[in-house]
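Let's walk through this model together, one region after another. Please keep the sequence and the 3D view open as you read.

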Amino acid sequence: MISCPLCRKPSTFFLQDKKRAFYACKLCGLVAADPKSHVMPNVEKQRYGRSQKATKQRQLTQFILPLLHQINQQQPGSLLGLNFGRVLDEKCIETISHAGHTVYQYDPFFAADHHVLQNRYDFICSYKVFEHFRHPYKEWQLISSLVKPNGWLAISTPLLTDLTHFSKWHYKNNPTHVSFYQQQTFEYLAAHSDFKLLFASQTLILMQKASGSDIKRNLI
Ligand SMILES: [Zn+2]
C-alpha cells in the first residue's frame with residue numbers, strides 16, 4: 001500500500017507488469033506507478049523532450065488553437081493564458097498574439113520560470129503533462145490556484161476508461177508516465193475544489209472555476 005499521490009488516502013496494489021508496480025486509489029480513481037520505479041531525471045528529460053519534434057508541435061497547436069477559439073466564444077475579448085508544460089513554438093505563439101491574446105509558458109520539468117506563477121489567468125491549458133506528475137496533489141494545488149474566477153482549465157491526458165484493460169494499455173509502458181486518471185479522478189477534483197467539470201473525453205478535460213471564488217477565500 002502507498003499513499004495516493006493525489007488525494008493522499010491509502011492506495012492499494014493493483015498490478016505488476018514487467019517493469020513496474022501500479023497502485024489504484026478507490027477514492028479518486030488515480031492509478032499511480034510505484035514511486036520506487038520513477039526514472040532518473042536525465043531519462044525523463046530525454047523522453048519528455050521529444051515534444052519538441054514537429055509532429056508533437058502540430059498536435060499541441062491543434063489542441064490549443066481551437067480551444068482558445070471556444071473559450072473566446074464564451075468569454076469575448078483578449079485572453080491571458082498559461083500553457084503549462086510542452087512549450088509551444090514561435091509560430092503558434094505568433095498566431096495567438098495575432099488573435100489578440102497572450103499566452104505565457106511554463107514547463108514544470110525544463111523551463112520552470114517562476115515569474116509566470118505570479119499571475120492569474122483566464123485559462124490554463126496543459127497538453128499531455130498530467131501523466132508525468134509525480135506529485136499530482138502539489139501540481140493540482142498550484143495550477144488550480146492560478147486560474148481566475150470564471151476561468152478555464154483545459155487538460156489533455158489519455159483517460160483510463162476501463163481498469164481491466166490497463167495491463168494491455170501501451171500508454172502505461174512509457175516509464176515517464178507515472179499518473180493515470182479516470183473521469184472519476186476529475187469528478188473528485190471538481191468535488192473538492194471550486195471547479196466545475198464541464199466535459200471529460202479522451203482528448204479534452206474542461207473545467208471552469210466558480211465565479212467569486214477569490215472573494216470567498218478573502219472572507220475566510
Ligand atoms: Zn486518490
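Contact here means heavy atoms within 4.5 Å. Helices (H or I, at least four residues) and strands (E, at least two) are DSSP runs, numbered from the N terminus. This is a predicted model, in which local features need pLDDT of at least 70 and side-chain atom pairs count only at pLDDT 80 or more, while totals for chains, interfaces and linings use all residues. Residues are numbered from 1 along each chain as its sequence is written, and side-chain values use heavy atoms, with hydrogens and water left out.

Let's begin with helix α5, residues 183-191. Its buried residues (buried means under 20% relative accessible area, exposed over 50%, partly exposed in between, with a 1.4 Å probe and protein chains only) are Thr185, Phe186, Tyr188, Leu189 and Ala190. What do the buried residues of α5 pack against? Their partners are α4 (136-145), β8 (147-156), β10 (195-200) and β11 (205-209).

Now turn to the zinc ion. Its donors (N, O and S atoms within 2.8 Å of the metal, or 3.2 Å for Na, K and Ca; water is not among the atoms, so sites may look incomplete) are the SG atoms of Cys4, Cys7, Cys25 and Cys28, at 2.2 to 2.3 Å. The angles subtended by the four donor atoms run from 97 to 121°, which makes the arrangement tetrahedral. Four donors count as tetrahedral if all angles lie between 85 and 135 degrees. Along the sequence, the donor residues follow the spacing C-x2-C-x17-C-x2-C. Distant parts of the chain are linked by the pair Cys7 and Cys25, 18 residues apart: Cys7 sits in the loop between β1 (2-3) and β2 (10-16), and Cys25 in the loop between β3 (21-24) and β4 (31-33). Both of these cysteines, Cys7 and Cys25, are buried.

Next, look at a pair of helices. Two packed helices are described by the angle between their axes and the distance between the axes. Axes are lines fitted to C-alpha atoms, for helices over the stretch in contact, and angles run from 0 to 180 degrees between N-to-C directions. For α2 (residues 54-74) and α3 (residues 90-98), the angle is about 5° and the axes are 11 Å apart. That makes α2 roughly parallel to α3, a term for angles under 35 degrees. From α2, Thr61, Ile64, Leu65 and Leu68 meet Cys92, Thr95 and Ile96 of α3. The contact has five nonpolar residues, two polar and no charged; Ala, Val, Leu, Ile, Met, Phe, Trp, Tyr, Cys and Pro count as nonpolar, Asp, Glu, Lys and Arg as charged, and the others, Gly among them, as polar.

Ile64 of α2 also leads us to Cys125, one of whose contacts it is. Cys125 is found in strand β7 (residues 121-127) and counts as buried at 0% relative accessibility. Beyond four places in sequence, Cys125 also touches Phe63, Leu67, Leu82, Asn83, Phe84 and Ala154. Its C-alpha atom is 9.8 Å from that of Ile205, although the two are 80 residues apart in sequence.

Leu82 and Asn83 are also among the contacts of Tyr104, together with Leu80, Gly81, Val116, Asn119 and Tyr121, leaving aside neighbours within four places in sequence. Tyr104 lies in strand β6 (residues 102-106) and is partly exposed, at 34% relative accessibility.

Is another tyrosine, Tyr171, buried or exposed? Tyr171 is buried, with a relative accessible area of 11%, and its place is in the loop between β8 and β9 (179-180). Not counting residues up to four places away, Tyr171 touches Lys128, Glu131, Pro158, His177 and Phe180.

Finally, a word on the backbone. Most residues other than glycine have a negative phi. Arg86, in the loop between β5 (80-84) and α3, has a positive phi of about 50° and is buried at 10% relative accessible area. Asn150, in strand β8, has a positive phi near 75° and is partly exposed at 38%.

Notes:
Angles under 35 degrees count as roughly parallel, over 145 as roughly antiparallel, 65 to 115 as roughly perpendicular and the rest as oblique. Four donors count as tetrahedral if all angles lie between 85 and 135 degrees; four count as square planar and six as octahedral if opposite donors are over 155 degrees apart and all others between 65 and 115; anything else is irregular.
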